[in-house]
Amino acid sequence: MAKGTDRRGSGALRMQACRTNNGFVHNEGLPASEPERARDPASEPERARDPASSPPCPGPGSAGPGSAGPGSAGPYAGMPKEVLFQFSRRARYRAPREALFWLTVASVLALTGATIAIIAVSPRCLDWWQAGPVYRIYPRSFRDSDADGNGDLKGIQEKLDYITTLNIKTIWITSFYKSSLKDFRYGIEDFRDIDPIFGTMKDFENLLAAIHDKGLKLIIDFIPNHTSDKHAWFQLSRNRTGKYTDYYIWHDCTHENGTTIPPNNWLSVYGNSSWHFDEVRNQCYFHQFLREQPDLNFYNLDVQKEIKEIIQFWLTKGVDGFSFDAVKFLLEAEHLRDEAQVNKAQIPDTVTHYWELYHDFTTTQVGMHDIVRSFRQTMDQYSREPGRYRFMGTEAYGESIDRTMMYYGLPFIQEADFPFNDYLSKLNTLSGNSVFEIITSWMENMPEGKWPNWMIGGPDNARLTSRFGEEYVNIMNMLVFTLPGTPITYYGEEIGMRNILVTNFNESYDVNTLLSKSPMQWDNSSNAGFSEANHTWLPTSSDYHTVNVDVQKTQSRSALKLYQELSLLHANDLLLSRGWFCYLRNDSHSVVYARELDGIDRVFLVVLNFGELSLVNLQEMISNIPARMRIRLSTNSADDRNTVDTNAILLDKGEGLILEYNTNNLLHHQTAFKDRCFVSNRACYSSVLNILHSLC
């Protein structure tokens, strides 16, 4: 018993003498004198009384002091790191750890590879100027906010909510610079200021901020070819002041008894000689347009620098792009030789109209495209920030199709994102053949990979309704929204506005150029809701009581409602925004074409009738199509059909249909249609991954 008692007491003493380590180590850094205390026998009683100086208790399963080490026991809480390291080297712990490590590495590499692969096979994303329609505004006629009879920048800001309901992506505002009334504000007195008739620079900045807040973009007109004769540069040039002496094109000429004998036979766009005698400088200056609009001398590098600085000024303001107007006139031949007459038998002194000469020395001269490309390079400096690409369009009206295509640039040298396509705007005879010719002319001549655009009106052209009749409003809007590329809408086209008929104007303009600039028709109140003034700068059209935004918003089958449906379909369906365009047939009445995309088993067939009542048989054009097709959209407000017979589609005058059917046999893969199909940026759709890719 004594022995047993002594054994139990000995164990109890050992437990009392040790201390428990709950996950941390005491006294890891002992003072330097601690080892000497440990060897001093006198200190033993003190150590026995001090629990902090007791050794740690053995862990669970530990053999205690004198055991064989970690190989004979498992890990325990609070073990020293030296012991932990020994346990961590065991296979049972090392193997899972290494497996997790290499699994993590493999996952990262797989995700990186997948990301690179997706980027590599992804087609180029559509930029903002490709993704939706452009809405072109003539600011003096859109909305008057201060009741002075003239539209202004604040008025545009007031109507931004309306513009967003049209699913517009970009607003294009024509010239608003400080200028005289000559030539619709294209004779600019100050490129860095807003004309007071439109507001102030603060008004512009507020408008720009509001446009961006709506998720929209803004492009503005820029006219680099000429200035007003009231511009400070011209005043300095006519007085031969410093570097400004040669900012314009001056040449000696004979001026006697009020009669000027010009240096050559060059003519102004508006007729008569393009040279005008200046009594201050005692020389003639050159003007392609009005005499109040002297042409700048772009052979002068200082002039080019000035223009680039103006571009930078507006880009710094936050403008998203420019429409460069009249660029084909930037340079003239320096030799000043006479231009050839169209009718060589005509007496030279009677040649006074612009179209009576071939303009080989005053338009599209060698070096002109180099200047336009330098504008592009200036804009590219502001396009480096993600999401802030700056758009560049050029207006080359009157050019042949091959010259127009040159504004796209060269394969490795970018110029305009696109030259504006106004061929439909100038169309005076509407038929299936004439529309087909304009479409195919652009698509066949456009450089590979470039982006088309389409417009049916503008400030310098008669409105569509006045050219062809109101029955063609819907079908022309359907045309531009179903063709590949960017549709461009001139304000009022969405409701079918027409030219004004009044000819008694108070403005000093050519009457024919004013007819399409009448005030926007918002409602049936006084001045069509455009202005609260007693007199507006132009009268409103006589039909504004029935043709206005408010009325058409309440009509389920109005031109405005169809426009909104077309723009929404264009924005949301890949067949229209990214798909192939295949034309199937045209005749004097109708045009038929398809929109399709690899990976999507649906096809849109667009059938447009520009002639009289017509019967169209689709089964004669395409084999193996369904006997009936679904109607996706119709221009005919009275058409309640959901489907049509494909062997006999009866179309009224000015009626158009977007039909839809399912197939895996796409037309652009068929030999019979390969030469009739076009695509700008090739893409395919994967329904499994719900992505676009280029592995078609």
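Ser-383 is buried in this predicted model, with a relative accessible area of 16%; that counts as buried because the cut-off is under 20%. The residue sits in the loop that links α11 to β12 (391-395). Its side chain doesn't just fill space there: the side chain of Ser-383 reaches the backbone nitrogen of Arg-390 at 3.0 Å. Leaving aside residues up to four places away in sequence, Ser-383 touches Arg-376, Arg-388, Tyr-389 and Arg-390.

Helix α11 (residues 368-380) in turn pairs up with α10, the two axes coming within 10 Å and crossing at roughly 35°. The crossing is right-handed. On the α10 side, Gln-304, Ile-307, Lys-308, Ile-311, Gln-312 and Leu-315 take part, and they meet Ile-371, Ser-374, Phe-375, Thr-378 and Met-379 of α11. Sorted by character, the residues of this contact come out as six nonpolar, four polar and one charged.

As for α10 itself, the helix covers residues 301-317, and its 17 residues should span 24 Å at 1.5 Å a residue. The end C-alpha atoms lie 25 Å apart, so the expected and actual spans agree. At the N-terminal end, Asn-300 acts as the cap, with a side-chain oxygen 2.8 Å from the backbone nitrogen of Asp-302. Past the other end comes Gly-318, which has a positive phi, near 115°. Along the helix, the buried residues are Val-303, Gln-304, Glu-306, Ile-307, Ile-310, Ile-311, Trp-314 and Leu-315. Among them, Gln-304, Ile-307, Ile-311 and Leu-315 also turn up in the contact with α11.

Notes:
Residues are numbered from 1 along each chain as its sequence is written. This is a predicted model: local features need pLDDT of at least 70, side-chain atom pairs count only at pLDDT 80 or more; totals for chains, interfaces and linings use all residues. Side-chain values use heavy atoms; hydrogens and water are left out. Helices (H or I, at least four residues) and strands (E, at least two) are DSSP runs, numbered from the N terminus. The expected span of a helix is 1.5 Å times one less than its number of residues. Buried means under 20% relative accessible area, exposed over 50%, partly exposed in between (1.4 Å probe, protein chains only). A polar contact is a pair of N or O atoms within 3.5 Å; within protein, one must be able to donate a hydrogen and the other to accept it, and residues adjacent in sequence count only if both atoms are side-chain atoms. Axes are lines fitted to C-alpha atoms, for helices over the stretch in contact, and angles run from 0 to 180 degrees between N-to-C directions. A crossing is left-handed if the near helix is turned anticlockwise from the far one by less than a right angle, and right-handed if clockwise. Contact means heavy atoms within 4.5 Å. Ala, Val, Leu, Ile, Met, Phe, Trp, Tyr, Cys and Pro count as nonpolar, Asp, Glu, Lys and Arg as charged, and the others, Gly among them, as polar.
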